[in-house]
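Good morning, and thank you for making time for this presentation. Please look at the sequence and the structure as they come up, and keep both in view while I speak.

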Amino acid sequence: MYSLFKKEIKTFLGSLIGYLAVLVFLLVSGLFLWVFPGSYNIPDNGYATLDGLFTLAPWLYLFLVPAITMRFFADEKRSGTIEILLTRPVSDFQLVLAKFLAGLVLVVFSLLPTLLCFLSVYMLGNPVGSIDVGATWGSFFGLFFLAIIYVAIGVFASALTDNQIVSFLLAMVLSFVFYMGFEFVASSGVPYLVEQILNYFSINNHYLSASRGVIDLQDLVYFCAMTFLFLYATSLVLRKGKLRLNKAKLNAVLVCLAVLVVCFVSTNFLLRIDLTLDKRYSLSDVSKELAASIEEPVSVELFLEGELEPGLKKLQNEVFEKIAVLNAYSGKPIRLKVTDPYAVGNQEKQDKLIEELYGKGIIPTSFRHKTEKGVSTKLIFPGALIRIGNKEVAVNFLKYNQDFSHEYNFNHSAESVEFELVNAFQKLMRTKRSTVAFLEGHGEFDRYQVLDFSNALSPNFDVKRISTTTLGQYADNFDVLVVAGPTEPFSEADKFVVDQYIMNGGKVMWLIDPVSVNTDSLSRGFQTFSFPRDINLGDQLFKYGTRLNYELLQDVDCAQLRVNTAPGGTEPKFTPHPWYYSPMLTPNDNHPLSRNLNRVFAEYVSSVDTIGGNPNLTKSVILSTSPNARKVTSPSSVSLQNINNPPARELFNVPFIPVGILIEGQFTSLYKNRMVEQLGFSSNSVLTESKATKMVVIADAGLIANKVNYSGKSPQIQQMGYDRVAKRTWGNKEFLLNAVFYLNDDRGIMQLRNRTLKMRLLDQVKLRDEKAFWQWLNILLPLILISLFGVIYNFIRRYKYSRTKR
C-alpha cells in the first residue's frame, strides 16, 4: 500500500498537468476572493471572515478533485498495469485505500496555500486578529471532510473506465449530483419522507454546518459512511465479473444495509461542537426545552433571498443555522422553505405576494445593488412566516436603528435571530392568551390616549380596562397590570388591592408623573411652572424598593421644539431649537428587556431611585438619560427663555440618570403588620410576602401616551413616540412592548435578547491604502510557491535519477 501511495504522489508531483490543475484552482479562487466583485470578494464584503472561500471551495473542488483522481485507475487500465496490481498480496480494498489516501494528500497539498488568505484577513482585521479563529479552523475541518467524499467519488469514477477524460467528467457529474442534485430534487415538492431522505444524502446539507465552524456527529457519520461506500464500491468494480458472484452481491447488500443502519442510528444522537468563539450556533437551554415541546410540524417560509449584500447574507446564514439546530432538538420537524418574492411567476403574482407580505406584517428594507444599467433599488423582505397547524405569525429578523451603522444593525439582527424564532414558536404553541389590564379610576390616561399601545398589544394579549374593584375580585384573570398616568390620589383600599395583586405574583408596569407641568400655559406664553404631584403611592413604591423624585430632568441630548423667532408684527417664522426638557432616553443595552432598541422620546421627565433593604429583590436600570444631564428640583419655572439663554454646559454634569427601573424577586407587602379591617378587609387574608414576580417603574407617564385630536367627529390618533419636529417615530412602543413581554415571560425567553456577538470587521482604512498589495500577495504568492516547489522537486528528482543511472 505504501509503495502504491508513494507512486501516486510522485506521479502527480512529476507531471505538468497536476501542477496546472492546482495553479488554476489557486488562481481562480484568488481572483474570486480578492479581485472579482461579488458575494465571494473579501475586501468588498468588509467582514473579517473566510466565508467566501468556504462557499466557493465546493464548486472549485468539482474541477480540482476529478483532475487529481482521473488517472488513478483509468491510467492503470489503459496501460494494462491493473492486472499486475491485482496480483499483489494485498486486498482490493487496500489497493483502493492507497489510491484514496494519495488523492486526499494531494488535495490537502493544493489547499495549503489558501492559509495565506487566513493570514491576510487576520492582519487586515479591525483590530488585528479579529477573525474568529475557532470558526475558521472548524470550517477548514469541514472542507477536509468535503475533500474526503469528493476524492472517494473521483476514485470510484476512475475505476469505471480506462479513459481519463471520461473519468474526469463522470467524477464531476457524480460530485455535483451528490452536492446539489439531491437537494434540488428534494425542493421540487416531493413527499416529505422522500424529501428528508434526499436531503440526508445531499453533501451540501451536511457541509453547511461544517463550513460555519460547527462539527456535528451526524455530519461526520455521513461523510465517513458515504466515503466508505464509494471506496467499497470501487473495490467491487476493479475486477471484471466480481459482481456476478452471489457471495459478492450478498456482501454488498449487507455492507450497504449496515452503513445505512449506522447513518440512521446517528440521527438519533445529538452531539454538536460549536467552534465559534461566540458560540453563535449553540442554543440556550430554554430554546432546547421549547423546541423539544413542539407537538406539531412547523413550517418556516423565509423571504430573505436573492442577491443580498454581505450583512444580509450573514443574517440569512444565521437563520438557516438556527432553524437547523432547532430542528435537531425539536420533537416534530421544522421545515424551511426559502421564497424569493421576485422569482414568483409573472409581475402580477409578484405584486400580489408583496402586497400579502405587507399585510401580514413583513417589513421590507430598501437595497441598492449594481446592475448592467447602473445602480438600482429594490425591496428586500428580511422576514419569515412561521406556521403551526392553522396558526401563522410574521417574524422580522432585521432590526434597524437609525443611530447605528449598517454593520452594527446587521450584527444586532443576527444576535436576535434565536429569540425571534423561539418567541414565534411560543406564540403559536400557546393555548391561552395572556391579559393586560389598564387600571382606571384615578385620572389615568383614557382609552384613546393609550390606543396606539393597546393596538400594539392586541395581537398577543387580551387588553382590558378595569377598576380596583374588578382587580380585587378577579385578580387571577389579569397577567400584567398597567398603571398609566394617574393624576388623582389612590385610596388606601385601592392601594391594598394592588398590593395583594402583587403578593399573588401579579406583574405591574407603573408609568407615573411625579411632577405636573401645564403645557397649555406654556403654549400660550413663554413660561409655566412645575409642581409636585402626590398621588399617595410614595410609601407603597418605597416599600417595593424604589422612589420617584419630585424633579424635572434636562439633557443636552434632547429633542427640538419649533419656536417663532420672527420680530413682533412680522410674519411668523418657526425654527427648531433644542428643548432640554425633552430628553432622548437611552435603553440599557446590557439588559434583555431593553437591548438593541431605539432611543425613547420623552417630555418633562423625572428621575427614579432604588432603595435597599430587601435582599430578595434585584433592581436593574432599563432607561436613563445621556451622560450630560441635570436635575431641576420642583417646584420650578419652565420657560421658553431656556432656548435663548440655555443653562451653562458645565451644569449638565450628572450622567445616566435613571428614569426607568426593573425590580424582580419577592416583595414585602406594604400592609405587613398593619390592621386592614378599617379598609374593609380581614387581616387574616393579608399576604405579607409575594411569590417571585417583577415590576417596571418609569418616572414619565407620557412615554405610553399618544397625542389625540378630539376636535373632529371621531378622535384622531397620532403614533406614540412621534417627534413632530424631526418627523420620525422613536422607540417608545417597542420599549414598552418589550417591558410587557418581559413581565409576562415566565420561561425566560426574553433572556435570549441578551445574546451578544462580536462584530468582526476589516480595517477599511488599511484596506483602502493597501488593497492592491494584498490582492497581488494573495494571487501571485500561492502561484509562485507552488511553481517553486514543482521546479525544486523535479530538479532534485532528476538529480537523483541521473546519479543512480551513472
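Let me begin with a question: is Asn-596 buried or exposed? Asn-596 is buried, because its relative accessible area is 12%, and buried means under 20%. I should say at once that this is a predicted model. Asn-596 deserves attention for its backbone as well: its phi is positive, about 60 degrees, although the residue is not a glycine. Its place is the loop that runs between strand S19, residues 574-587, and strand S20, residues 600-601.

A second asparagine may be set beside it. Asn-673 also is not a glycine and has a positive phi, of about 65 degrees. It is found in the loop between strand S25 (658-665) and strand S26 (693-698). Asn-673, however, is exposed, with a relative accessible area of 75%.

Now to the chain as a whole. It has 806 residues, of which 51% are buried. Its secondary structure comes to 27 helices and 31 strands. Taken along the principal axes, the box filled by the C-alpha atoms is roughly 115 × 65 × 55 Å. As an example from the buried part, consider Ile-698, which lies in strand S26. Its relative accessibility is 0%, so Ile-698 counts as buried. From Ile-698 to Asp-520 the separation is 178 residues in sequence and 24 Å in space, C-alpha to C-alpha.

I turn next to the backbone at two prolines. The peptide bond from Asn-126 to Pro-127 is cis, with omega near 5 degrees. Pro-127 sits in the loop between strand S1 (125-126) and helix H9 (133-159). The bond from Ser-634 to Pro-635 is likewise cis, with omega near 5 degrees. Here the loop holding Pro-635 lies between strand S23 (629-633) and strand S24 (636-639).

A hairpin comes next. Strand S8, residues 383-388, and strand S9, residues 391-396, run antiparallel and are joined by six bridges. Within that pairing, Ile-386 has Val-393 of S9 as its bridge partner. Two residues stand between the strands of this hairpin, where Gly-389 takes a positive phi near 65 degrees.

Let us move to the salt bridges, of which the count comes to 30. What does the pair of Asp-44 and Lys-771 tie together? Their side chains meet in a salt bridge at 3.8 Å, N to O. Asp-44 lies in helix H3 (residues 42-45) and Lys-771 in helix H27, so the pair ties together parts that are 727 residues apart in sequence. Asp-44 is partly exposed, with a relative accessible area of 44%, and Lys-771 counts as partly exposed at 32%.

Another salt bridge joins Lys-507 and Asp-746, whose closest N and O atoms are 3.2 Å apart. This pair links distant parts of the chain, 239 residues apart: Lys-507 is in strand S13 (residues 507-511), and Asp-746 is in the loop between helix H26 (732-744) and strand S31 (761-762). The two partners differ in cover: Lys-507 counts as buried at 10% relative accessibility, whereas Asp-746 counts as exposed at 63%.

In a further pair, the side chains of Arg-547 and Asp-609 meet at 3.1 Å, N to O. Arg-547 belongs to strand S16 (residues 546-548) and Asp-609 to strand S21 (residues 608-610), so this salt bridge ties together parts 62 residues apart in sequence. Arg-547 is partly exposed, with a relative accessible area of 37%, and Asp-609 is partly exposed at 24%. There is also a network of salt bridges, which links Arg-212, Asp-216, Arg-272 and Glu-321.

Finally, the surface. Which residues form a nonpolar patch there? They are Trp-776, Leu-780, Ile-784, Leu-788, Ile-792, Phe-795, Ile-796 and Tyr-799, with about 850 Å² of accessible area together. Of these, Tyr-799 is found in helix H27, residues 764-805, and is partly exposed with a relative accessible area of 44%. A patch of negative charge also gathers on the surface, made of Glu-348, Asp-351, Glu-355 and Glu-356. Glu-348 has its place in helix H17, residues 347-360, and is exposed, with a relative accessible area of 65%.

That concludes the presentation, and I welcome your questions.

Conventions:
Residues numbered from 1 in each chain as written. Predicted model: local features only at pLDDT ≥ 70, side-chain atom pairs only at ≥ 80, totals over all residues. Heavy atoms only, no water. Helix = DSSP H or I, 4+ residues; strand = E, 2+ residues; numbered from the N terminus. Buried < 20%, exposed > 50% of the residue type's maximum accessible area, 1.4 Å probe, protein only. Pairing = 2+ DSSP bridges. Patch = residues over 30% accessible without salt bridge, like charges linked within 9 Å, V, L, I, M, F, W, Y side chains within 5 Å. Areas by Shrake-Rupley, 256 points an atom, 1.4 Å probe, with all protein chains shown as cover. Salt bridge = Lys/Arg side-chain N within 4 Å of Asp/Glu carboxyl O. Lys, Arg positive; Asp, Glu negative; His and termini not counted. Charge placed at Lys NZ, Arg CZ, Asp CG, Glu CD.
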